[in-house]
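Hello,

Here is the structure I promised to pass on. Please open it first, then read the notes below.

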Amino acid sequence: MKAVVLEEPLKFVVADICEPDGPGPGEALVRVHRVGICGSDVAGYLGKMPFYGYPRIPGHELGVEVLEIGNGVDHIAVGDRCAVEPYINNPASFASQRGHDNCCNDLQVLGIHTDGGLRSRFVVPARKLHASTKLEMEQLALVETLGIGCHAIDRCQPPANEHLLVIGAGPIGLSVIEFARQARAKITVMDMNRSRLEFCRDNMGVDHIVQFAGDGSELNELQRITGGEFYLTVLDATGSVASMSGALNYVAWGGTLVFVGLSSTEISFPQPLMHAREMTFLASRNSLPRDFHRVIGLIEDESIDTRPWITHRIGMQELVADFEQFTRPESGVIKAIVQVD
């Protein structure tokens, strides 16, 4: 069986690996059809992902088909099409017992801590499979990304009709935008890349876009949009140390800053500014089972249209040679989908 392996930063290979064993109790054997490429995969490739271990089979945004189920599995059946919740938690852990499966003490994320889906078949805990009779494999592969935004917005509960700023218009930023729309916020998106901002304007229905220049002009533009104030809710989805360190400058008095992106480097900021405005700081990690259910329902009833997201389609063999392009925003990639079958 073939798999794509990231042996070390900047080095992908296609390798022969062993076929998986059959599923045990509570498990399912799945065939992988589609894999989405996300920022974590790019960070792992570049050697900038703090939780990553090498060598690693990447891939945690998955559209799969159930091939076989083990004893005690009754919520899915052979032939079901499923999205995979790739956060393999320990149900007995302190966090999981309190409903925080997404940040379990013993968490193993597919494609990051343990091998993921860039292979033909593998065994997964069946409780991590979310079936849909309506969605196509490409749509199922986008559920995990959208769940990140769903969870982030659920964390901060932005008020309807108040100004909300999303910093970073990559796939995670887009997922945050989708659920900020569901919350009926007044959305501004800021990014350095003009084409990404234009994508948000043309496809996401955001209220305002601001190109970050780094010369302070963006601060004036943001204040103009909000009528002289700043943003009651700010979500940083960049993973950039500089952006995350500067994000609190855009937070209004009594506002909330959410770090959705992740960096392996320490961030710093002036504590008096945070204190003076009595800001709330939140981290948002992964998503929860209820987020997967909600995302699938919203795609099924066409409240979320995933079609504009997929800009690149590629096979497993091509991925090894062409992955580097996905590290460059100027390549125009929004979401790349790997065809495994």
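**Second largest pocket**

Sorted by class, the residues lining the second largest pocket are three nonpolar, two polar and five charged. Bear in mind throughout that this is a predicted model. The pocket's volume is about 200 Å³. Its lining consists of Lys 134, Leu 135, Gln 139, Ile 299, Glu 300, Glu 302, Ile 304, Asp 305, Thr 306 and Arg 307. The nonpolar ones are Leu 135, Ile 299 and Ile 304. Gln 139 and Thr 306 are the polar ones. Lys 134, Glu 300, Glu 302, Asp 305 and Arg 307 carry the charged label.

**Aromatic pairs**

How many aromatic pairs does the structure hold? There are eight. Take Tyr 45 and Phe 323 to begin with. Their ring centres are 4.9 Å apart and their planes meet at 55°, so this pair is tilted. An angle over 60 degrees would have made it edge-to-face, and one under 30 degrees stacked.

Where do the two rings come from? Tyr 45 belongs to helix 1 (residues 39–46). Phe 323 sits in the loop between helix 10 (316–322) and strand 17 (335–339). The pair therefore ties together parts that are 278 residues apart in sequence. Both Tyr 45 and Phe 323 are buried.

Tyr 52 and Tyr 54 make another tilted pair, with 5.0 Å from centre to centre and 40° between the planes. Are these two buried or exposed? Tyr 52 has a relative accessible area of 10%, so it is buried. Tyr 54 comes out at 30%, so it is partly exposed. The cut-off for buried is under 20%.

There is also a cluster to look at. Phe 12, Tyr 45, Phe 323 and Phe 326 form one aromatic cluster. The Tyr 45 and Phe 323 pair described above is part of that cluster.

**Charges over rings**

Two arginines are worth a look here. The charged end of Arg 98 sits over the ring of Phe 94, at 3.8 Å from the ring's centre. Arg 277 lies over the face of Trp 253, and the distance to the ring centre is 4.3 Å.

**Strands 3 and 8**

Strand 3 (residues 27–37) and strand 8 run antiparallel and are joined by five bridges. Which residue of strand 8 is the bridge partner of Ala 28? It is Val 124.

Strand 8 spans residues 121–125 and has two faces. Phe 122 and Val 124 make up the covered face. Arg 121, Val 123 and Pro 125 are on the uncovered one. Val 124 thus appears twice: it is on the covered face, and it is the bridge partner of Ala 28.

**Backbone points to check**

Tyr 54 comes up again here. A cis peptide bond joins Tyr 54 to Pro 55, with omega about -10°. Pro 55 is in the loop between helix 1 and strand 4 (61–69).

Two residues that are not glycine have a positive phi. For Gln 157, phi is near 50°. Gln 157 is placed in the loop between helix 3 (137–156) and strand 10 (163–167). Its relative accessible area is 55%, so Gln 157 is exposed.

For Arg 184, phi is about 65°. Arg 184 lies in the loop between helix 4 (171–182) and strand 11 (186–191). Arg 184 is exposed as well, because its relative accessible area is 55%.

Best wishes

Note on methods
Residues are numbered from 1 along each chain as its sequence is written. This is a predicted model: local features need pLDDT of at least 70, side-chain atom pairs count only at pLDDT 80 or more; totals for chains, interfaces and linings use all residues. Side-chain values use heavy atoms; hydrogens and water are left out. Buried means under 20% relative accessible area, exposed over 50%, partly exposed in between (1.4 Å probe, protein chains only). Helices (H or I, at least four residues) and strands (E, at least two) are DSSP runs, numbered from the N terminus. Two strands pair if DSSP finds at least two bridges between them. Rings of Phe, Tyr and Trp (its six-membered ring) pair if their centres lie within 6.5 Å; planes under 30 degrees apart count as stacked, over 60 as edge-to-face and the rest as tilted. A charge sits over a ring if NZ of Lys or CZ of Arg is within 6 Å of the ring centre and within 35 degrees of the ring normal. On a 1 Å grid over the protein atoms alone, a cavity is a set of points where a 1.4 Å probe fits but cannot get out, and a pocket is an open set with protein on both sides within 12 Å along at least five of seven lines; lining residues have an atom within 4 Å of a point. Grid points are joined across faces, edges and corners, and a volume is the space filled by probe spheres set on the points.
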